[in-house]
Amino acid sequence: MKKALIVFALLIAVAVPSFAAVNDMMFNVGLTTSESTFDLFKNGKWNPRFTIGADADFAMIFDHGVGFDVAVRTESNFQDLTIGAYFAYMIDVNSTDLDIMLTVGPTMQLVGTFAIGLDAMVDLLIDITSSVYVDLGVGLQMDIVEFRDSGADSSFNMSMPLPSVGIGFKF
């Protein structure tokens with residue numbers, strides 16, 4: 001699975017620039033969006049919980065701020081692995097070292113319970129240098145359907161990550 005993801009990311013990184021002008025390519029590593037999650041609803045009931053997670057993502061931004069973001073996320077117990085493919089829109093805040101990246105797209109939880117969901121995130125990117133930045137993010141993560149041994153569960157689970165912190169590199 002890892003090899004397939006690496007090959008897919010490399011193909012996108014090589015193929016897409018030939019069709020459009022790439023303004024920014026970004027790779028977030030380490031504790032990017034390590035998150036404290038507070039579940040708002042689970043199966044229609046209030047279900048507060050606290051988790052710490054980590055993820056890595058790769059984003060390409062083209063002309064006029066439009067692009068895509070591919071992310072891999074896990075929680076502290078490493079029993080959940082979620083992959084997301086997002087539409088991204090970058091807003092360049094003029095005359096500052098700040099950018100705002102809006103992302104929305106589907107997710108699939110592959111390890112543990114298989115689930116399909118939708119995420120919407122807002123990340124504030126603060127430039128430290130021309131190629132290194134700090135990523136502060138908030139958003140909404142929704143699980144729409146879960147598949148278990150007994151069948152599909154269409155309960156709607158919604159969680160809101162508390163401000164996430166990460167470090168990233170532009171190239």
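These legends accompany several close-up views of a predicted model.

**View 1. The largest nonpolar core and its neighbour.**
Welcome to the inside of the predicted model. Eight residues make up the largest nonpolar core: Met26, Ala59, Ile61, Ala88, Met90, Met101, Leu125 and Tyr133. Two strands, β3 (53-62) and β5 (81-92), each contribute at least two residues to this core. A separate, second core has five residues, among them Met25, Phe58, Met60 and Phe62. As general background, nonpolar side chains in soluble globular proteins tend to be buried together.

**View 2. The surroundings of Ala88.**
Here we zoom in on one member of the largest core, Ala88. Which residues does Ala88 contact, once neighbours within four places in sequence are set aside? Part of the answer is a run of residues made of Gly65, Val66, Gly67, Phe68 and Asp69. Met101, Leu102 and Thr103 are also in contact with Ala88, and so is Ile61. Of these partners, Ile61 and Met101 are listed with Ala88 in the largest core.

**View 3. Strand β5 and its two partners.**
This view follows β5 and the strands that pair with it. Strand β4 (residues 66-75) pairs with β5 in the antiparallel sense, over nine bridges. To find your place in this pairing, look for Val66, which stands opposite Tyr89 in β5. Strand β6 (residues 98-111) is also antiparallel to β5, and 10 bridges join the two. A handy marker here is Thr82, whose bridge partner in β6 is Gln109. The hairpin of β5 and β6 has five residues between the strands. Within this hairpin, Ser95 takes a positive phi near 60 degrees. A general reminder for reading such views: in a regular strand, side chains alternate between the two faces of the sheet.

**View 4. A tilted aromatic pair, Phe114 and Phe147.**
The model has three aromatic pairs, and this close-up shows one of them, formed by Phe114 and Phe147. How do the two rings sit relative to each other, stacked or tilted? Their centres are 5.6 Å apart and their planes lie at 35 degrees, so the pair is tilted. Phe114 belongs to strand β7 (residues 114-127) and Phe147 to strand β8 (residues 132-148), so the pair ties together parts that are 33 residues apart in sequence. Phe114 is partly exposed, at 27% relative accessibility. Phe147 also counts as partly exposed, with a relative accessibility of 36%.

**View 5. Leu140 and the residues around it.**
Leu140 is found in strand β8. With 24% relative accessibility, Leu140 counts as partly exposed. Ala120 is 20 residues from Leu140 in sequence, yet their C-alpha atoms are 5.3 Å apart in space. Leaving aside neighbours within four places in sequence, Leu140 contacts Leu118, Asp119, Ala120 and Met121, along with Met158, Ser159, Met160 and Pro161.

**View 6. The salt bridge between Asp119 and Arg73.**
Three salt bridges are counted in the model. In this one, Asp119 pairs with Arg73, and the closest N and O atoms are 3.1 Å apart. The two residues come from distant parts of the chain: Asp119 is in strand β7 and Arg73 in strand β4, 46 residues apart. Is each partner buried or exposed? Asp119 counts as buried at 2% relative accessibility. Arg73 is buried as well, at 14%. In general terms, side chains of opposite charge can pair when their charged atoms come close.

**View 7. A salt-bridge network around Lys170.**
Our last stop brings together Asp99, Asp127 and Lys170, which salt bridges with shared partners join into one network. Lys170 forms a salt bridge with Asp99, with the closest N and O atoms 3.1 Å apart. Lys170 lies in strand β11 (residues 164-170) and Asp99 in strand β6, so this pair ties together parts that are 71 residues apart in sequence. Lys170 is buried, with 13% relative accessibility. Asp99 has a relative accessible area of 6% and is buried too. Lys170 also meets the side chain of Asp127 in a salt bridge, at 3.2 Å from N to O. Because Asp127 is in strand β7 and Lys170 in strand β11, this second pair ties together parts 43 residues apart in sequence. Unlike the buried Asp99, Asp127 counts as partly exposed, at 22% relative accessibility.

Definitions and conventions
Residues are numbered from 1 along each chain as its sequence is written. This is a predicted model: local features need pLDDT of at least 70, side-chain atom pairs count only at pLDDT 80 or more; totals for chains, interfaces and linings use all residues. Side-chain values use heavy atoms; hydrogens and water are left out. A nonpolar core is a set of buried Ala, Val, Leu, Ile, Met, Phe, Trp, Tyr and Cys residues joined through side-chain atoms within 4.5 Å. Buried means under 20% relative accessible area, exposed over 50%, partly exposed in between (1.4 Å probe, protein chains only). Helices (H or I, at least four residues) and strands (E, at least two) are DSSP runs, numbered from the N terminus. Contact means heavy atoms within 4.5 Å. Rings of Phe, Tyr and Trp (its six-membered ring) pair if their centres lie within 6.5 Å; planes under 30 degrees apart count as stacked, over 60 as edge-to-face and the rest as tilted. Two strands pair if DSSP finds at least two bridges between them. A salt bridge is a side-chain nitrogen of Lys or Arg within 4 Å of a carboxyl oxygen of Asp or Glu.
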